[in-house]
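Work through the exercises below with the sequence and the structure in view. Try each task before reading its solution.

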Amino acid sequence: MNKKILIIVALATALGATAQERKLWYSAPAETWLEALPVGNSHLGAMVFGGTKSEEIQLNEETFWSGSPYNNNSTEAREHLQEVRDLIFMGKEDVAARLIDRHFVKGPHGMRFLSLGSVRLDLRHDQVADYYRDLNIGNATATTRYTADGVTYQRTVFASMAQNAIIVRLTASRKGALSFTVRHDCEFPNRHAMSGHQLTAIIDGVEQEGIKAGLKAELRVKAESDGTTTDLGEAIQVRGATTATLYIVAATNFVNYHDVSGDASERNSQSLAAVGEKSYARLLKEHISKYREQYGRVSLSLSTSANSSLETDRRLDLFAKEAGDLDLIALMMQYGRYLLIASSQPGGQPANLQGVWNNKRDAPWDSKYTININTEMNYWPALVGNLAETQQPLFSMIRDLIETGAKTAQQMYGCRGWVAHHNTDLWRIAGPVDGAFWGMFPNGGAWLATHIWQHYLFTGDMDFLRQWYPVMRGTADFYLDYMQPHPETKWLVSVPSVSPEQGPAGKPTPITAGCTMDNQIAFDALSNTLAAARLLDEPEAYRKQLSNAIDRLPPMQIGRYGQLQEWLQDADDPRNEHRHISHLYGLYPSNQISPYRHADLFTAASNTLKQRGDMATGWSLGWKINFWARMLDGNHAYKIIRNMLHLLPDDSKMRQYPDGRTYPNLFDAHPPFQIDGNFGCAAGVCEMLLQSHDGAVHLLPALPDEWKEGDVKGLRARGGFIVDEQWRDGTLRSASIRSTIGGTLRLRSYWPLKGKGLRPADGPVSNHLLTPAEIRLTTMSAELTDFQLLPIRKVYEYDIDTRAGKTYRFEAI
């Protein structure tokens, strides 16, 4: 079979694939890590290169980090806190920033995520034909296939979702033609042992910033074959086989953020014993079944073009130049869901800045949990994308941070509750890192806690809310103590703080009081806690305290350029295209800016987005997709997607590809690689098709003109609803909605609807899980003379009473 025929076969396969069987495919091995294909089961991650002379499978284990248990709380901050606040209120923010650098941010500044190195297979197939490799995100397997000397060789790699192991299956079409050698290498100090066709590598962790190494990783590779298998020094040799299987397991001595007494060897022995009891066929079947329990809940079909059949990197390269391949967007949405499944499962660690994949000795930004946007973005697809269980590792980290963050709140600020700043790591540090400019962000913990409330809104699970309410209350208690009355306005403001990574025009530092993002996150922390307290019948006195604080928060303000102000002062630069658009947190992921309730803020948000421009870093583009979806502007959201889907072959080629924002393996490019952009894109596509944050379940709220036809199944909405939608000629045709918990469903649609039990909506929505935000009135600059409200498309709203487990069908009239 020649390459042309192979491509035709691949074309037929791609076009015939269902939404569940999407693939990334290539006709050559990966030459760089950013061309390799990711597999993972949360605990283990692997990047598969698909080589022929040699194969590389680069490995990570989620708990292999530098350092050991520590904290970074400054013991000097509290005594200088009032001085810093006074300086900020006097307009001497630069002096305050120097005090913060000296007394608040003492380090260490976070540990880093480490690589286990690579398992390498010496294959020695120099001349090959009919080469093909893919990642099938429908069953979470990576396959490499080619012909050498008349023999077809195939490798299948998967990180088992059912077992704690990575499985590599090798086959040859001619009996006895399979021969190879297995070895391991790693740039960290390591040593190897061989026994019974099993290679064991012990990899030493590393110290960082004076924090000694507390972890060691053990990696094992066990080989089985129907040929001759031999232990050779520090390698395993397989000769004369037709089929061989490698079982790769890894573990560390990590138990939790304050305990490193675990037994990695015992864990690996248990993992190998579990897979050793089962045949390869059963392991594969159980893996696919377990994976599809999550992945198979959602499908998305958009139109294809001739380009839809091309190799993925070629397809990506053409997407920015030629219209029509909308199926690539569906692939990106499902790829984001795949990556979240592969990097975040119950019992594991949350997806970090690179998910669970990192090959570098010094990972970009340490691969930490950056909680001033990036970690939160990782989990945006979890609820709407019907992957709620992937949040469990995030919730587990939040539970740890309640403990470490309570100490930080008390020791540094004398506050109740708990706090986390803009970064944390495996050891759950909660103090500020990287200096005042970056780190003086006391809102990271409260932002994380909004995921608790959102989970409740999507599920209506009162037991869950009861269990996690103390997390929410802890963030509210912190704000009640930390916020201070502004001396001029008497508004309650967070001080000191920053609007992430930039300051107001004319100021030498971002250190400030009461920036808009502060106020919006504080509003959510206080309001969500108040709503939960009412549901749980918490004491009235506490509820009143929360309500009073909410009433004293600064309102959002519209500045002289018609923009939503980022700071209390009107200091935005309309030519500033900074990647962080933090003051639109209230638009997304929060629900504080509504076209139906706050037309002035909605218009100001649009002005801000236009001033910030349509190009940015990869993760920022992911956020902008969601912003424009919330603006109900599907065409603009689609434009941002097109900006994101620009090929960047490698970081070394940034000059030749200045607009490159997606790597050949569809990883998001900041650059460098950050996985949050993948998750932001996936969430944004879902948000274009379904919204439920603003008082109703809104069908096809931001459908682009070019998305003429399609269907989506399985998206989740607040209120416990699961939604299928079908559209033709840009018009909704039908929707099926399954109610999981019952209650009143309010539907919003641009098209009139008909369906059994449907009635025109009357009055406020009665389902509290769909209740919109109630915010303070806006203030507007006196210098603003020309401010035209955006036109809002007419909608139809209906109510229907639902029963748990029942499905309701509606058609557009």
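**Exercise 1.** Sort the lining of the largest cavity by residue class.

Solution. Start with the list: the lining consists of Pro-595, Tyr-596, Arg-630, Leu-632, Gln-691, Ser-692, His-693, Asp-694, Ala-696, His-698 and Arg-748. Pro, Tyr, Leu and Ala count as nonpolar, and Asp and Arg as charged. Gln, Ser and His fall among the others, which count as polar. The result is four nonpolar, four polar and three charged residues. As for volume, this cavity holds about 60 Å³ of space, and the structure, which is a predicted model, has seven cavities of 30 Å³ or more.

**Exercise 2.** Explain why Cys-515 has no disulfide partner, and state whether this residue is buried or exposed.

Solution. Step one: find the closest cysteine sulfur to that of Cys-515, which belongs to Cys-415. Step two: read the distance, 17 Å. Step three: compare with the cut-off, since a disulfide needs two cysteine sulfur atoms within 2.5 Å. The sulfur of Cys-415 is therefore too far away for a bond with Cys-515. In the structure as a whole, the number of disulfides is zero.

For the second part, the limit for a buried residue is under 20% relative accessible area. Cys-515 has 0%, so this residue is buried. Cys-186, at 16%, is buried because its value is also under that limit.

**Exercise 3.** Describe the surroundings of strand S5 and name its pairing strands.

Solution. Strand S5 covers residues 117-122. Five of these six residues are buried, which leaves the strand mostly covered. Next, look for partners. Strand S4 (residues 54-61) pairs with S5 in the antiparallel sense over six bridges, and Ile-57 stands opposite Val-119 of S5. Strand S10 (residues 178-185) also runs antiparallel to S5, joined to it by five bridges. There, Arg-120 has Arg-183 in S10 as its bridge partner.

**Exercise 4.** Which strands form the edges of the open sheet of nine strands?

Solution. Write down the order: S1-S6-S7-S8-S9-S16-S13-S12-S11, with antiparallel pairing. The edge strands are S1 (23-26) and S11 (190-194), each of which pairs on one side only. From one strand to the next, the twist averages 15 degrees.

To check one pair inside this order, take S9 (residues 166-172) and S16 (residues 243-252). They run antiparallel and are joined by six bridges. Ile-166 has Ile-248 in S16 as its bridge partner.

Technical notes
Residues are numbered from 1 along each chain as its sequence is written. This is a predicted model: local features need pLDDT of at least 70, side-chain atom pairs count only at pLDDT 80 or more; totals for chains, interfaces and linings use all residues. Side-chain values use heavy atoms; hydrogens and water are left out. Buried means under 20% relative accessible area, exposed over 50%, partly exposed in between (1.4 Å probe, protein chains only). Helices (H or I, at least four residues) and strands (E, at least two) are DSSP runs, numbered from the N terminus. Two strands pair if DSSP finds at least two bridges between them. On a 1 Å grid over the protein atoms alone, a cavity is a set of points where a 1.4 Å probe fits but cannot get out, and a pocket is an open set with protein on both sides within 12 Å along at least five of seven lines; lining residues have an atom within 4 Å of a point. Grid points are joined across faces, edges and corners, and a volume is the space filled by probe spheres set on the points. Axes are lines fitted to C-alpha atoms, for helices over the stretch in contact, and angles run from 0 to 180 degrees between N-to-C directions.
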